[in-house]
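Please look at the sequence and the model below before reading on. The paragraphs that follow take you from the overall layout to single residues.

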Amino acid sequence: MTLEAAAPPPPPGGAGSHHPAGPTAEEFTSVQHSSEFAELRRSHRSFAFPLTVAFLAWYLLYVLLSNYAGGFMGTRLFGNINVALVLGLGQFATTFLIAWLYSRHAATKLDPKASAIKALMEAGE
């Protein structure tokens, strides 16, 4: 039984691509210091950091209430449903809401900026 090596795939952009082996380290560094990349980072951070802090505060509040406010958390709202269950399920709902919001933010704000930077790098500018 013999194994033959397959030919490597063609470089992205075809045979006439400016970077057949990919961008150099210097080009990556240059892009990293560009105003476009700084704007991309700023856009990501201005969305991700506040939501992360808010979610962690909300989670910590839930844990602290569970530990130190047992009477409040045990308050029945209706039937066997109490405050602790509603707030616990709220943690899951919040997680999915944040994931959906981030997905929307990335598609409308981050992806176009990242695509523009990628196009500049592939063009060798």
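How are α2 and α4 oriented to each other, roughly parallel or roughly antiparallel? In this predicted model, helix α2 covers residues 35–68 and helix α4 covers residues 83–123, and the two pack at an angle of about 175°, with their axes 10 Å apart. An angle over 145 degrees counts as roughly antiparallel, and α2 and α4 are therefore roughly antiparallel to each other. Where α2 is in contact with α4, the residues taking part divide into 17 nonpolar, eight polar and four charged.

With this pair in mind, the rest of the chain can be placed around it. The protein chain has four helices and two strands, and, starting from the N terminus, its elements follow the order α-α-α-β-β-α. Of the 125 residues in the protein chain, 16% are buried. If we take the contacts between residues at least 6 apart in sequence, 62% of them join residues that are at least 24 apart.

Let us now follow α2 along its length. The helix has 34 residues, which at 1.5 Å a residue should span 50 Å, and since its end C-alpha atoms are 48 Å apart, the expected and the computed values agree. Along the way, α2 bends by about 25° at Arg 45. The buried residues of this helix are Leu 40, Ser 43, Phe 47 and Ala 48, and the buried residues of α2 pack against α4. An α-helix has 3.6 residues a turn, so residues three or four places apart point the same way.

One residue of this group, Ser 43, lies in helix α2 and has a relative accessible area of 9%, which is under the 20% cut-off, so Ser 43 counts as buried. Apart from its neighbours within four places in sequence, Ser 43 is in contact with His 105, Lys 109, Leu 110 and Lys 113. Val 63, by contrast, also lies in helix α2, but with 28% relative accessibility it counts as partly exposed. Val 63 and Gly 88 are 25 residues apart in sequence, while their C-alpha atoms are 9.6 Å apart in space.

On the other side of the pair is α4, whose 41 residues should span 60 Å at 1.5 Å a residue, and the distance of 57 Å between its end C-alpha atoms agrees with this. There is a kink of about 45° in α4, and this kink is centred on Ala 106. The buried residues of α4 include Leu 87, Gly 88, His 105, Ala 106 and Leu 110, and the buried residues of this helix pack against α1, α2, α3, β1 and β2. His 105, which is found in helix α4, is buried, with a relative accessible area of 11%. Leaving aside its neighbours within four places in sequence, His 105 is in contact with Ser 43, Phe 47 and Leu 110. Just after α4, Gly 124 takes a positive phi of about 80°.

Finally, consider a residue outside the helices. Gly 74 is found in the loop between α3, which covers residues 70–73, and β1, which covers residues 76–78. This glycine is partly exposed, with a relative accessible area of 40%. Gly 74 and Leu 85 are separated by 11 residues in sequence and by 8.9 Å in space, taken from C-alpha to C-alpha.

Notes: Residues are numbered from 1 along each chain as its sequence is written. This is a predicted model: local features need pLDDT of at least 70, side-chain atom pairs count only at pLDDT 80 or more; totals for chains, interfaces and linings use all residues. Side-chain values use heavy atoms; hydrogens and water are left out. Axes are lines fitted to C-alpha atoms, for helices over the stretch in contact, and angles run from 0 to 180 degrees between N-to-C directions. Angles under 35 degrees count as roughly parallel, over 145 as roughly antiparallel, 65 to 115 as roughly perpendicular and the rest as oblique. Ala, Val, Leu, Ile, Met, Phe, Trp, Tyr, Cys and Pro count as nonpolar, Asp, Glu, Lys and Arg as charged, and the others, Gly among them, as polar. The expected span of a helix is 1.5 Å times one less than its number of residues. The bend at a residue is the angle between axes fitted to the seven residues ending there and the seven starting there. Buried means under 20% relative accessible area, exposed over 50%, partly exposed in between (1.4 Å probe, protein chains only). Contact means heavy atoms within 4.5 Å.
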